[in-house]
Amino acid sequence: METARQIQNALRAHSLPIPSQTWLLSLVTSLSQPGRQVPTLGSLIMTARTRVLATDLTTPNLLDISVTMEHTFPPQLTSPSASSIPEIRLDRDVIVQILDIENLNRSRWEQVEELEAIERGEQTRGRQVIRLPTSNNDDEEEADLGDTADTQTQGQLNTQQTTATATGGSDAASRAIAREKEKQAKNATHKLVVQDAKGQRMFALELKRIDKIAVGTTLIGEKLLLKKGMVVARGVLLIEPSNCQILGGKVDAWHKSWTEGRLARLRADVGVADSR
């Protein structure tokens, strides 16, 4: 029981979701089986943190009652009449998980291309590496070939020069594309769907750019801390770096399902058949 309280206090100090003592006791028991090395408190804290951030916040008995009572959306923000309130502020810190994200600056077709690149693992390409032909033949073979070897070596050098020129152009183009993408990312505005521990959902809109929020960077199921005093305009949370803290995490099944489902919906919107 004392170990569970120590873990709770450590997570609370970093504004992380606080698991229930029942959940923590189950975790500690599973990690302290006979024949296994007894985990240290630091190890238990890190394991609890990782597992909580990777779990659906609405899972029964996961969170301490204080989280569901004190760190969820007040009822007036999720009621049908919330959209008629011009402005209201959060009266508490709220812990949420991300269910959806969209870049409002990009067209549907651009979003299709972006998600396809992410699906192929090509969202960030970096610099291309082109292997040049080499002329490292064995000395014995060069001696046998005589003049022919000299001719082939010169041809290889010409190929290297041509390839190096093409590589330089490719690198310059890649850098230009990277700079343009970076510029677009800095000017992007994202819309999120977030959910609290009671299952209440709200839209969140970037009022000022938050660098860690982006399609391909933000993970579905990732946890956020929405700070007390945040403005809610007509039922929409207005997030910015000063009032929104990224806690991390990811729900693997959600992220995979979101990527596949989102891509299929966008393809249908732009009239492209799903190739899978």
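These questions and answers cover the nonpolar cores and one helix of a predicted model.

Local features need pLDDT of at least 70 and side-chain atom pairs count only at pLDDT 80 or more, while totals for chains, interfaces and linings use all residues. Residues are numbered from 1 along each chain as its sequence is written, and side-chain values use heavy atoms, leaving out hydrogens and water.

Me: Which element gives the most residues to the largest nonpolar core?
Reply: A nonpolar core is a set of buried Ala, Val, Leu, Ile, Met, Phe, Trp, Tyr and Cys residues joined through side-chain atoms within 4.5 Å; buried means under 20% relative accessible area with a 1.4 Å probe, protein chains only. The largest one has 27 residues. Elements are DSSP runs numbered from the N terminus, helices (H or I) of at least four residues and strands (E) of at least two. Those giving two or more residues include strand S3 (190–196) and helix H9 (252–269), and the top contributor, with four residues, is S2.

Me: How many residues are in the second, separate core?
Reply: This core includes Ile18, Val28, Leu63 and Leu225. Its number of residues is 22.

Me: Within what arc do the buried residues of H2 fall?
Reply: Helix H2 (residues 21–31) has Leu24, Leu27, Val28 and Leu31 as its buried residues. They line one face of the helix, because the arc, taken from the directions from the helix axis to the C-beta atoms, is 95°.

Me: What covers the buried residues of H2?
Reply: Contact here means heavy atoms within 4.5 Å. The cover includes helix H1 (2–13) and helix H3 (41–53).

Notes: Buried means under 20% relative accessible area, exposed over 50%, partly exposed in between (1.4 Å probe, protein chains only).
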